[in-house]
Amino acid sequence: MSDGHLFNNILLGGRGGTNPGQLRVHSGGIAWKKQGGGKVVELGKSDIAGVTWMKVPRAYQLGVRIKDGLFYKFIGFREQDVTNLTNFIQKSIGIAPEEKQLSVSGHNWGGIDINGNMLTFLVGSKQAFEVSLADVSQAQLQGKTDVYLEFHVDDTTGANEKDSLMDVSFYVPNSNTQFVGDERHPPAQVLLDKISSMADVGSSSEEAVTTFEGIAILTPRGRYSIELHLSFMRLQGQANDFKIQYSSVVRIFLLPKSNQPHTFVIVTLDPPIRKGQTMYPHIVLQFETDYVIESNLAISEELLAAKYKDKLEMSYKGLIHEVFTLVLRGLSGAKVTRPGKFRSCQDGYAVKSSLKAEDGLLYPLEKGFFFLPKPPTLILHDEIDYVEFERHGAGSSNAHYFDLLVKLKSEQEHLFRNIQRNEYSNLFNFISGKGLKIMNLGGGQSGNAGSHAIDEDDDAVDPHLERIRSAAGDEESDEEDEDFVAGEDDDGSSTDDTGERGSDASESGGEEKERGKERGPSAKAPSAKRKAKDGDEEGKKRRPRKKKDPNAPKRAMSGFMFFSNTERDNVRKTNPGMSFTDVGRTLGEMWKKMSAEEKEPYESMANADKKRYKEAMAGYKSGAAPVVDVDSGDDSASD
């Protein structure tokens, strides 16, 4: 017998919520992991009180009851799995699974069985349905024979489903023999009392361990009184009341706001809470950083020693956000994430940016990025395909800012805009250190690449511009911008040798078209200095362009240009009738997909041509005849 079994199945939540994932049954217990990541459900061997099998439509359901009353249901097993797992569970865990039958008769009369926090409605000996009493928000007697149960509207249970059970009513006649009563306490009242003792209803609910009053919550927005109970957290506001089971708490983030008197505490949920049709996977709380409180927990010393030893203390005194985080961590068992090694230029933990027109803070964490406060967006490093730094328009007030594009493996994109330029170095080094793929002006680079997407030297080349110019013809590449001066930089907004536009679409490939920034073959953007001059001398007549000296040395070509000259004819032969622009785009995509080894011959030719150009320029400036290197690979040098 192997040490465990792995199955693809679905975890059934309260009131019908479903979550696909993988279940592993091993000698130490049962573990379930949600598909796509999330909190792992681990049921230890010593915590399991009972196991059941039930035949449901098109599959078998495994039910696991643990000693504290919770009940987990896993669906999706085949008939042959039942025998194998039954033998393995009996041998390794020491519990013999019981078989239960599902009632499909459609009858709506029968008996009620309450076991732990589960209420099961039975038709004969078969189960018709069951509900968790932990989801009950109200229970009351209607008349003398009807017990009415109402379930929480805005909690995590059933958040992934469009339909959820909202209420149910049980008719209990006075002749009922299961719940025996008297004239003052009819059978319906006896059933209500039993349900109320197990459910969270009104004054019958368990006392809160501690309460935090008037806490500002940014999502869902409002001021709430936060009650931390032994098994759940309650947010009570003027218009909304949320109950959150600790089993839904995936992680807690404690993130101070840089140079501000507030600290974020984020409670990440799976599944999320729901308000109407809006899901909230992250609850963003905002505490005053310097506010000190003292709190005594309403918990017995016996329970503290038995269940929460080394997790909780009887009393706390300290900063409010620290006290809240410590108590919530002790009750829920969730891990706490704090800021990592990243520091901004102001020695903060985050950089200012905007997402979807909302200003906020982007926190680079050790295993992901978190944008706060709205919309709260958590991006794990494992989900990222690549990141790209993008410059704003050169020569304008936007030159002091840049954007960060994060492309996920799921093809989803997050664009963090208006990050201050002086944050670039720290952010680039941090992302590089995490080994994330960076798409810069030279194409895809690994995290340890030395080339920067923002701070280029004078010889840096934008492949998109090269594609457009090569498609239009080599004669355009000979044109010089009269305002270009080698070695000068326009306040951090670098320009390339051609005096072309900034890197709004610096990525090689076809992404420029998707962002609406593609330029035609005849388009030539002004340089950064030209834009600044136009702004300063608006209304003045533009100076005529200097006539190019025919004796001036031909500019050095990039590795991409050598590659384009070599492969352009092949692309045209393979795709007859393709336009110049499409040829250039295709060459750019081919270059983007090439490895460093494949690019090396062309880069060597570019380095040699760069050396040739510098020597020729030195001779040209000194008045000597220009030097033409026939081995440079420039086909047009002999024209």
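Two strands are counted as paired if DSSP finds at least two bridges between them. The close-ups below come from a predicted model.

**Figure 1. Confidence across the predicted protein, with two stretches of pLDDT below 50.** The protein has a mean pLDDT of 76, with 72% of its residues at 70 or more. Residues 441-451 have a pLDDT below 50, and the model gives this stretch 25 contacts beyond near neighbours in sequence. A second stretch, residues 625-639, stays under 50 as well; here the model has 16 contacts beyond four places in sequence. Where pLDDT is low, the predicted coordinates should not be read in detail.

**Figure 2. The eight-stranded open sheet and helix H4.** Eight strands with mixed pairing lie in the order E18-E17-E16-E15-E21-E20-E19-E24. Strand E18 (241-245) and strand E24 (335-337) are the edge strands, each of which pairs on one side only. From one strand to the next, the twist averages 30 degrees. At the E18 edge, strand E17 (residues 232-236) is paired with E18 in the antiparallel sense, over five bridges. Within this pair, Leu235 is placed opposite Phe242 of E18. Helix H4 (residues 320-332) packs on the sheet and touches strand E15 (210-219), strand E16 (222-228), E17, strand E19 (249-256), strand E20 (262-275), strand E21 (278-288) and E24. The direction of H4 makes about 165 degrees with that of E19.

**Figure 3. The three-stranded open sheet E9-E10-E11 with helix H2.** Three strands in the order E9-E10-E11 form an open sheet with antiparallel pairing. Strand E9 (111-115) and strand E11 (126-132) are at the edges with a single partner strand each, so one side of each has no neighbour in the sheet. The twist here averages 25 degrees from one strand to the next. Five bridges link E9 to strand E10 (residues 118-123) in the antiparallel sense. One of the partnerships between these strands joins Ile112 to Phe121 in E10. Helix H2 (residues 187-198) packs on this sheet through E9 and E10, and the direction of H2 makes about 25 degrees with that of E9.

**Figure 4. The crossing of helices H9 and H10.** The axes of helix H9 (residues 559-574) and helix H10 (residues 580-593) come within 10 Å and cross at roughly 120 degrees. H9 and H10 are therefore oblique to each other, since 65 to 115 degrees would count as roughly perpendicular and over 145 as roughly antiparallel. Their crossing is right-handed. On the H9 side, the contact is made by Gly559, Phe560, Phe563, Ser564, Glu567, Arg568, Val571 and Arg572; on the H10 side, by Phe580, Val583, Thr586, Leu587, Gly588, Met590 and Trp591. By class, the residues of this contact are eight nonpolar, four polar and three charged.

**Figure 5. The crossing of helices H9 and H11.** The axes of H9 and helix H11 (residues 596-621) come within 7 Å, and the crossing angle is roughly 120 degrees. H9 and H11 are therefore oblique to each other. The crossing of H9 and H11 is right-handed. H9 contributes Gly559, Phe562, Phe563, Thr566 and Glu567 to the contact, and H11 contributes Tyr602, Glu603, Met605, Ala606 and Asp609. Five nonpolar, two polar and three charged residues make up the contact of H9 with H11.

**Figure 6. The hairpin of strands E30 and E31.** Strand E30 (residues 401-408) and strand E31 (residues 413-420) run antiparallel and are joined by six bridges. Phe402 has Ile419 in E31 as its bridge partner. Four residues lie between the two strands of the hairpin. In the turn, Glu411 has a positive phi of about 75 degrees.

**Figure 7. Two cis peptide bonds and a positive phi in loops.** Most residues other than glycine have a negative phi, and most peptide bonds are trans. The bond from Thr219 to Pro220 is cis, with omega near -10 degrees; Pro220 is in the loop between E15 and E16. Lys374 and Pro375 are also joined by a cis peptide bond, with omega about -10 degrees. Pro375 lies in the loop between strand E27 (368-372) and strand E28 (377-380). Asp347, a residue other than glycine, has a positive phi near 65 degrees. The loop that holds Asp347 is between E24 and strand E25 (351-355).

Definitions and conventions:
Residues are numbered from 1 along each chain as its sequence is written. This is a predicted model: local features need pLDDT of at least 70, side-chain atom pairs count only at pLDDT 80 or more; totals for chains, interfaces and linings use all residues. Side-chain values use heavy atoms; hydrogens and water are left out. pLDDT is the predictor's confidence in each residue, from 0 to 100. Contact means heavy atoms within 4.5 Å. Axes are lines fitted to C-alpha atoms, for helices over the stretch in contact, and angles run from 0 to 180 degrees between N-to-C directions. Angles under 35 degrees count as roughly parallel, over 145 as roughly antiparallel, 65 to 115 as roughly perpendicular and the rest as oblique. A crossing is left-handed if the near helix is turned anticlockwise from the far one by less than a right angle, and right-handed if clockwise. Ala, Val, Leu, Ile, Met, Phe, Trp, Tyr, Cys and Pro count as nonpolar, Asp, Glu, Lys and Arg as charged, and the others, Gly among them, as polar.
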